[in-house]
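Let's work through a few pocket exercises together. Have the coordinates open in your viewer, and try each task before reading its solution.

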Amino acid sequence: MSEGEQLGSGHGIGLDPLRVSMTASLADRLVTAIAVGAYSPGERLPPERELAASLGVSRVTLREALRQVSELGLVEARRGRGGGTFVSTVDWGEVAPQVARRTLEVELPRLRELFDFRCLVEGMIARTAAERRTADDVAELHAALADFDRVEGMIEARALDHRIHGLITAAARNPHLSLLSARLTAAATLGFGAEPYAPEFLAQARAEHAELVRHVVLGDADGAGRCAQAHFSLTLESMQAGLRKAVARST
């Protein structure tokens with residue numbers, strides 16, 4: 001029996017218990033990613049092939065997980081040109097607060113050391129970028145920061161956040177640092193590689209980005225390192241805020 005046949009309707013005789021468990025776990029993580037703002041209402045998820053590869057699961061497993069999340073009303077499939085899977089405007093706190101709560105209560109305690117390691121690595125990357133940045137790097141960082149200062153929507157804010165940090169990582173000019181940063185980002189964001197972004201943290205992110213870019217542009221390695229190390233704790237703060245919301249909505 002193929003994987004697709006095993007999962008079929010999601011229940012019944014002949015199901016692979018491990019596959020069912022993997023699918024349920026992935027569905028829970030998708031719900032939680034939406035709850036903490038890693039994906040925002042109206043946002044299109046990455047293409048199926050790309051998302052399955054980044055998560056290390058088969059496309060069949062991903063499809064079944066998406067089906068389960070769709071049944072909650074949190075994602076919807078759109079066909080035709082520009083189609084794909086999009087996050088709906090349904091309030092996750094109304095339909096699945098307990099899912100986000102139990103996922104974050106398990107994940108956050110075991111991710112604390114990883115968050116600490118990530119902050120240390122990103123501090124090193126920013127320090128190196130400040131030492132190695134070029135005039136072209138400076139111009140691109142100024143442009144990206146100006147765009148971030150004007151943005152209001154969370155989807156655009158997340159994309160520009162990714163651009164700013166990508167430019168800083170590129171300015172460090174070491175492919176091993178770039179790869180390590182990407183791996184740590186994925187591990188720290190439930191496997192999705194998308195930073196949690198909620199409206200209540202946008203002003204803080206703007207201020208911290210401005211400070212970080214200023215240190216890198218000025219070539220202030222010590223300041224850039226300290227700033228980046230502090231800034232990357234914002235991911236943990238965002239996920240902790242998501243847990244508080246989930247607890248409040250599920251009680």
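**Exercise 1.** Which helices each supply at least two residues of the lining of the largest pocket?

*Solution.* Keep in mind that this is a predicted model. Start with the pocket itself: the largest one holds about 620 Å³ of space. It is lined by 29 residues, and those closest to its centre are His162, Thr185, Gly193, Ala194 and Glu195. Now go from residues to elements: helix H3 (48-55), helix H6 (97-132), helix H8 (154-172) and helix H9 (175-188) each bring at least two residues to this lining. Among these helices, H8 gives the most, with eight residues.

**Exercise 2.** How do the residues of the lining of the largest pocket divide into nonpolar, polar and charged?

*Solution.* Sort the lining residues by class. You should find 11 nonpolar, 10 polar and eight charged residues.

**Exercise 3.** Describe the second largest pocket in the same style: its volume, its central residues, its elements and its chemistry.

*Solution.* First, the volume: about 280 Å³ of space lies in the second largest pocket. Next, the centre: 16 residues form the lining, with Glu48, Leu66, Ala77, Gly84 and Thr85 closest to the middle. Then the elements: H3, helix H4 (59-71), strand E1 (75-78) and strand E2 (84-87) give two or more residues each. The top contributor to this lining is H4, with four residues. Finally, the chemistry: the lining of the second largest pocket splits into seven nonpolar, four polar and five charged residues.

Notes:
Residues are numbered from 1 along each chain as its sequence is written. This is a predicted model: local features need pLDDT of at least 70, side-chain atom pairs count only at pLDDT 80 or more; totals for chains, interfaces and linings use all residues. Side-chain values use heavy atoms; hydrogens and water are left out. On a 1 Å grid over the protein atoms alone, a cavity is a set of points where a 1.4 Å probe fits but cannot get out, and a pocket is an open set with protein on both sides within 12 Å along at least five of seven lines; lining residues have an atom within 4 Å of a point. Grid points are joined across faces, edges and corners, and a volume is the space filled by probe spheres set on the points. Ala, Val, Leu, Ile, Met, Phe, Trp, Tyr, Cys and Pro count as nonpolar, Asp, Glu, Lys and Arg as charged, and the others, Gly among them, as polar.
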